[in-house]
Structure formats: structure tokens, C-alpha cells
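Welcome, and please open your viewer. We will go from stop to stop, with something to select at each one.

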Amino acid sequence: MGDSFHLSTADLVALAFFLFVWVLHTLASDGKLVSRMSLTTAMNVQREAWMRTMAEREIRIVDTAIMAGLQQGTAFFASSSLIAIGGCFALLGASDQVVSVLSNLPLGATSSRSAFQMKVFGLVLILAYSFFKFGWAYRLFNYCSILIGAVPIPHGEASRNPVSETAVWRAARMNMLAGKHFNSGMRGVFFSIGYLGWFVDPRVFVLSTLLLLAVLVRRQFFSAARQAVIGQPPEPTPGPGKSRSMRPDSQ
């Protein structure tokens with residue numbers, strides 16, 4: 001089977017391991033495998049809190065500014081994915097030269113031109129997946145902006161009626177869906193970096209996948225960013241005659 005795809009058995013095993021790690025990390029980040037809250041899950045809570053706070057504001061300039069920033073960031077990564085795809089097709093035109101360079105690396109395995117091209121097409125698929133995720137996330141952020149505009153202006157108890165609650169829920173849900181697809185696109189970009197190890201050797205591919213997994217797991221479950229989202233501020237310790245400053249440089 002490996003020969004029919006111009007790939008060795010070691011290549012196919014490394015590829016299967018790469019896909020398994022990708023799926024495993026996705027499920028863990030979405031809170032479907034581990035009980036520990038991930039950074040993604042914690043931020044979804046904050047997205048909902050943002051929508052509820054937004055519903056109580058009459059002037060929502062800050063909310064529209066945040067949405068514009070989210071859309072601009074998403075558009076940037078979508079454009080970057082397209083540029084990277086173009087680079088991959090340019091790489092196909094120089095297959096012989098690249099294969100010669102890779103074969104001279106200390107850990108570089110001898111790879112045929114056909115196998116190299118198969119790997120490049122795999123990289124194109126990953127980047128195309130990321131582009132479609134970013135494109136859909138951009139569209140969903142646009143929909144979220146419309147739903148924010150549909151949230152009624154608060155007037156006393158009117159901000160607590162079922163119509164307003166439903167409008168807030170819709171905006172929050174759309175924002176979380178947009179964030180989910182954006183995160184999927186970013187995950188594709190990150191894993192495309194680990195995928196580059198396959199061009200050197202299947203063993204390097206496995207090693208780069210494990211290294212990437214370690215970085216992503218740390219960011220999702222053990223990073224300072226996660227602690228900043230779910231943590232609590234320290235209790236102020238009043239000194240003699242005055243309260244202790246909460247500034248970082250005073251602690």
C-alpha cells in the first residue's frame with residue numbers, strides 16, 4: 001500500500017500518528033477528553049460574559065471596535081494561508097532541487113520525487129483547511145456583529161426580558177462558534193509547522209509532532225494566559241495607615 005502512494009510504511013505510520021495527535025488535541029481543547037479547563041473553554045465563558053455586559057451598554061462603540069479587530073486578525077491569517085499555498089505550488093516546481101538538498105541533511109532520508117510531491121500536496125491540504133476555517137470564522141464574526149446590533153438597547157427592566165436574553169444568547173453563541181473555527185484554523189497552521197518534519201524523515205516527523213503537542217498542551221492547560229483568565233486577584237494586604245498597592249511593580 002505504501003508503495004502505491006510512493007510512501008514507505010514508516011511514512012504512513014508517522015502520518016497516522018500526526019493525524020491522531022491532531023484529533024486528540026482538538027478533543028482535549030474542546031473539553032471532551034479531560035476535566036481540566038482549557039484556555040479555549042475559559043475564553044468561551046468570557047465571550048458570553050462580554051455579550052451580557054454589552055447588552056447593558058447603550059453606547060457600544062467598544063464592542064464594535066473589538067469585533068473589527070477580531071475580523072482583521074482573521075482576515076490576516078486567511079490571506080497568509082493563501083500565500084503559503086502559493087508557496088507550496090512554487091515548491092513543486094523545484095522538487096528535484098529540494099529533494100537533493102533534503103537528502104544531504106544529516107538525518108535526511110532518501111526520498112523520491114513522487115514521495116516529496118505527495119508530502120507537498122498534504123501540506124497544501126492542511127493550509128487549505130486552515131484557509132476555509134479562517135474564511136468561515138470571518139463570516140461568522142460578521143454575523144456576530146449583526147447580532148450585536150440586534151440586541152435591544154437597555155432601559156431598566158427591559159434589558160432583562162426574554163427577547164433581550166434571546167438576543168444576547170444568539171450573539172454569544174455566534175461569537176463562540178466564530179472563535180471555534182478561528183481556533184481550528186490556527187491549529188491547522190500550528191500543525192503545518194510540525195508537518196515540515198516529514199520532509200526530512202519519518203522519525204523527525206514524529207519528533208516534531210510530539211514537540212508541537214507539548215507546546216500546544218502547555219499553552220492550553222498550563223500557561224500563564226490560562227491562569228490570567230481563570231485565576232483570582234490576590235487579596236490586598238493593608239499596611240499601617242494605607243492599603244497595599246496592586247501594581248505589579250509594588251509586589
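**Stop 1: the spans named in the record**

Begin with the record: UniProt, in an unreviewed entry, places the feature "transmembrane region" at residues 12–28, 75–94, 114–132 and 195–217. Keep in mind that what you have on screen is a predicted model.

Select residues 75–94. This span is 90% helix and 0% strand, and 30 Å separate the C-alpha atoms at its ends. Now move to residues 195–217, where the end C-alpha atoms are 17 Å apart and the span is 74% helix, with 0% strand.

**Stop 2: the whole chain**

Zoom out and colour by secondary structure. You should find eight helices and zero strands. Read from the N terminus, the elements follow the order α-α-α-α-α-α-α-α. Of the 251 residues in the protein, 36% are buried.

**Stop 3: two rings in helix 1**

Next, show the aromatic side chains. How many aromatic pairs does the protein contain? The count comes to 16 aromatic pairs. One of them joins Phe-18 and Trp-22, an edge-to-face pair with 5.9 Å from centre to centre and 75° between the planes. That angle counts as edge-to-face because the cut-off for this class is over 60 degrees.

Why are these two residues about one helical turn apart? Phe-18 and Trp-22 both sit in helix 1 (residues 9–29), and they are four residues apart, so about one helical turn separates them. Phe-18 and Trp-22 are both buried.

**Stop 4: a pair between two helices**

Select Phe-77 and Phe-134. Their ring centres are 5.6 Å apart and their planes meet at 25°, so this pair is stacked. Here the pair links distant parts of the chain, with Phe-77 in helix 3 (residues 61–92) and Phe-134 in helix 5 (residues 113–150), 57 residues apart.

Are the two partners buried or exposed? Phe-77 is partly exposed, because its relative accessible area is 27%. Phe-134 has a relative accessible area of 0% and is therefore buried.

**Stop 5: helix 3 against helix 5**

Stay with these helices and hide the rest. Helix 3 and helix 5 pack with their axes 9 Å apart, at an angle of about 160°. An angle over 145 degrees counts as roughly antiparallel, and helix 3 and helix 5 are therefore roughly antiparallel to each other. The crossing of helix 3 past helix 5 is left-handed.

**Stop 6: the aromatic cluster**

Bring the whole chain back and select Phe-18, Trp-22, Phe-116, Tyr-129, Phe-191, Tyr-195, Trp-198, Phe-199 and Phe-205, which form one aromatic cluster. Phe-18 and Trp-22 will be familiar from the edge-to-face pair in an earlier stop.

For another kind of ring contact, select Phe-190 and Arg-219. Arg-219 lies over the face of Phe-190, 5.9 Å from the ring centre.

**Stop 7: three contacts across the sequence**

Last, try three residues whose partners are far along the chain.

- Leu-7 is in the segment before helix 1. With a relative accessible area of 6%, Leu-7 is under the 20% limit and so is buried. Draw a distance from its C-alpha atom to that of Met-118: the two are 111 residues apart along the chain and separated by 8.3 Å.
- Ala-10 belongs to helix 1. Its relative accessibility of 43% makes Ala-10 partly exposed. Between Ala-10 and Arg-203 there are 8.2 Å in space, C-alpha to C-alpha, and they are 193 residues apart in sequence.
- Phe-132 is part of helix 5. Phe-132 is exposed because its relative accessible area is 60%, and the limit for exposed is over 50%. The C-alpha atoms of Phe-132 and Gly-185 are separated by 7.7 Å, although these residues are 53 residues apart along the chain.

How values were computed:
Residues are numbered from 1 along each chain as its sequence is written. This is a predicted model: local features need pLDDT of at least 70, side-chain atom pairs count only at pLDDT 80 or more; totals for chains, interfaces and linings use all residues. Side-chain values use heavy atoms; hydrogens and water are left out. UniProt positions are given in the numbering used here, feature names are shortened, and annotations may be inferred rather than shown by experiment. Rings of Phe, Tyr and Trp (its six-membered ring) pair if their centres lie within 6.5 Å; planes under 30 degrees apart count as stacked, over 60 as edge-to-face and the rest as tilted. Buried means under 20% relative accessible area, exposed over 50%, partly exposed in between (1.4 Å probe, protein chains only). A charge sits over a ring if NZ of Lys or CZ of Arg is within 6 Å of the ring centre and within 35 degrees of the ring normal. Axes are lines fitted to C-alpha atoms, for helices over the stretch in contact, and angles run from 0 to 180 degrees between N-to-C directions. Angles under 35 degrees count as roughly parallel, over 145 as roughly antiparallel, 65 to 115 as roughly perpendicular and the rest as oblique. A crossing is left-handed if the near helix is turned anticlockwise from the far one by less than a right angle, and right-handed if clockwise.
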